[in-house]
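Visitor: I'm new to reading protein models, and I'd like a tour of this one. Where do we begin?

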Amino acid sequence: MAVLHFESDYMEGAAPQILERLNEINLDKNPGYGSDAYCKSAVEKIRQACKCPEAEVNFLVGGTQTNATVIASLLKPWQGVVALETGHIAVHEAGAIEATGHKVFTLKGTDGKMSSDDLNKFLTTFEKDENNSHMIEPGLVYISYPTEYGSVYTKEELKCIHNVCTKHKIPLYLDGARMAYGLAAQKDVKLSDIAKYCDVFYIGGTKCGALFGEAVVCTKPGLLPHFFTQIKQHGALLAKGWLLGLQFDTLFTDDLYYKLGENAIKMAEYLKKCMKEKGVQFYNDSITNQQFFVMSDEKLKTLGKKAVYSFWEKYDESYSVIRFATSWATTKADVDKLVALI
């Protein structure tokens with residue numbers, strides 16, 4: 001049996017609908033850097049989906065480049081970004097944010113989520129510090145949806161974090177690398193809600209059915225001045241921009257983006273059901289496509305020969321937390337084969 005791959009949600013190429021459209025226009029001539037008709041069409045469709053007609057939308061090549069570019073563009077030289085200690089920019093981006101010259105402040109969270117009360121306390125403490133002129137100033141708040149632990153913010157939680165940011169006059173930036181899966185798992189939050197409560201966010205394509213690429217949405221026109229230039233400075237601008245525009249134009253046609261997310265959630269729920277029946281220990285109760293389990297290191301030695309997973313953290317001396325990620329392309333047969341190995 002071939003090795004099974006559940007280590008991430010970007011293991012497959014792209015949704016067939018995208019490949020079909022790319023093939024259709026393959027020999028067409030298009031202007032570069034996002035000035036083509038496909039990018040313009042995708043921008044309008046995203047604005048409509050966000051219910052934010054004035055939003056500024058730009059297409060970048062990948063998640064790390066997006067985070068580094070947006071954060072560096074929003075912050076002044078003397079400012080840093082507030083994230084959770086488990087946040088992607090604080091752990092798994094190889095110091096990309098620090099490499100732009102900006103400090104990452106880290107707060108403790110619960111199940112991967114930031115508390116608005118903790119955030120308010122942190123920002124208030126800085127403001128009241130009589131020596132803060134000698135310190136890096138918090139200038140931006142970073143959260144992700146879903147989080148690194150598969151949890152999602154409720155509409156009320158987003159609103160509360162937004163209110164804290166408004167109170168302290170700093171923008172809120174949301175990393176939406178897996179947004180399709182968060183929206184599919186939690187019907188309470190719509191894309192328009194994210195646009196309402198976030199100043200800037202990005203709609204993930206790489207992990208959600210596109211070959212590559214992310215769509216940055218700035219809901220406050222003028223908040224990111226000269227952003228096109230900064231995208232290019234950070235190596236995040238694709239010359240063949242129509243390849244990004246066409247993909248997002250396809251993803252936001254006939255609700256494809258949401259449908260792809262729903263498949264991943266359906267398969268994750270099926271995986272959870274099967275694992276529960278097998279008596280496998282759950283690490284948390286993720287409702288999204290990332291599922292976390294506790295297994296013995298001895299068992300993982302055998303499992304690792306036939307199925308690839310993501311190591312997450314040590315649970316104790318003999319057990320580890322691992323992650324299985326379903327995707328837009330995961331099938332029931334894939335899950336059945338994985339479960340059969342447990």
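Visitor: In which sense do strand β7 (residues 200–204) and strand β8 (residues 214–218) pair, and over how many bridges?
Guide: First, some housekeeping: this is a predicted model, with residues numbered from 1 along each chain as its sequence is written. Local features need pLDDT of at least 70, side-chain atom pairs count only at pLDDT 80 or more, totals for chains, interfaces and linings use all residues, and side-chain values use heavy atoms, leaving out hydrogens and water. Helices (H or I, at least four residues) and strands (E, at least two) are DSSP runs numbered from the N terminus, and two strands pair if DSSP finds at least two bridges between them. For β7 and β8, the sense is antiparallel and the number of bridges is five.

Visitor: Which residue of β8 is the bridge partner of Y202?
Guide: Strands of a sheet pair through backbone hydrogen bonds, either parallel or antiparallel. Y202 has its bridge partner in β8, and that partner is V216.

Visitor: Which strands stand at the edges of the sheet that runs β2-β8-β7-β6-β5-β3-β4?
Guide: Seven strands make up this open sheet, and the pairing is mixed. Each edge strand has a single partner, so one side of it is left without a neighbour in the sheet. Those edge strands are β2 (56–60) and β4 (104–107).

Visitor: And how many degrees does the twist average from one strand to the next?
Guide: Here we compare axes, which are lines fitted to C-alpha atoms (for helices, over the stretch in contact), with angles from 0 to 180 degrees between N-to-C directions. From one strand to the next in this sheet, the twist averages 25 degrees.

Visitor: There's another sheet, β9-β10-β13-β12; which strands are at its edges?
Guide: This one is an open sheet of four strands with antiparallel pairing. Within it, β9 and β10 pair over two bridges, and Q281 stands opposite V294 in β10. Each edge strand has one partner, so one of its sides has no neighbour in the sheet: these are β9 and β12 (310–314).

Visitor: How far apart are the end C-alpha atoms of helix α3 (residues 63–74)?
Guide: Let's predict it: the expected span is 1.5 Å times one less than the number of residues. The helix has 12 residues, so it should span 16 Å. The distance in the model agrees, because the end C-alpha atoms are 16 Å apart.

Visitor: How many of the 12 residues of α3 are buried?
Guide: Buried means under 20% relative accessible area, exposed over 50%, and partly exposed in between (1.4 Å probe, protein chains only). Q65 lies in this helix and, at 30%, counts as partly exposed. The buried residues include G63, T66 and V70. The helix is mostly covered, and its buried count is 10.

Visitor: Which residue meets R178 in a salt bridge?
Guide: A salt bridge is a side-chain nitrogen of Lys or Arg within 4 Å of a carboxyl oxygen of Asp or Glu. R178 and its partner meet at 2.5 Å, N to O. The pair links distant parts of the chain, 169 residues apart, with R178 in the loop between β6 (172–175) and α8 (179–185) and the partner in the loop between β1 (4–5) and α1 (16–24). Both residues are buried, and the partner is D9.

Visitor: Which residue forms a salt bridge with E277?
Guide: Both residues of this pair lie in helix α12, four residues apart, about one turn of the helix. E277 counts as exposed at 58% relative accessibility, while its partner is partly exposed at 47%. The closest N and O atoms are 3.0 Å apart, and the partner is K273.

Visitor: Which residues are joined into one network by salt bridges that share partners?
Guide: By the salt-bridge rule, the count comes to 14. Sharing partners joins some of these into one network, made of R21, K45 and D249.

Visitor: Which residues make the nonpolar surface patch of about 290 Å²?
Guide: Patches are made of residues with over 30% relative accessible area and no salt bridge, joining like charges within 9 Å and nonpolar side chains (Val, Leu, Ile, Met, Phe, Trp, Tyr) within 5 Å. The areas come from the Shrake-Rupley method with a 1.4 Å probe, and for residues only the protein chains shown count as cover. One member sits in the loop between β9 (281–282) and β10 (290–296). The patch is made by Y283, Y315 and Y319.
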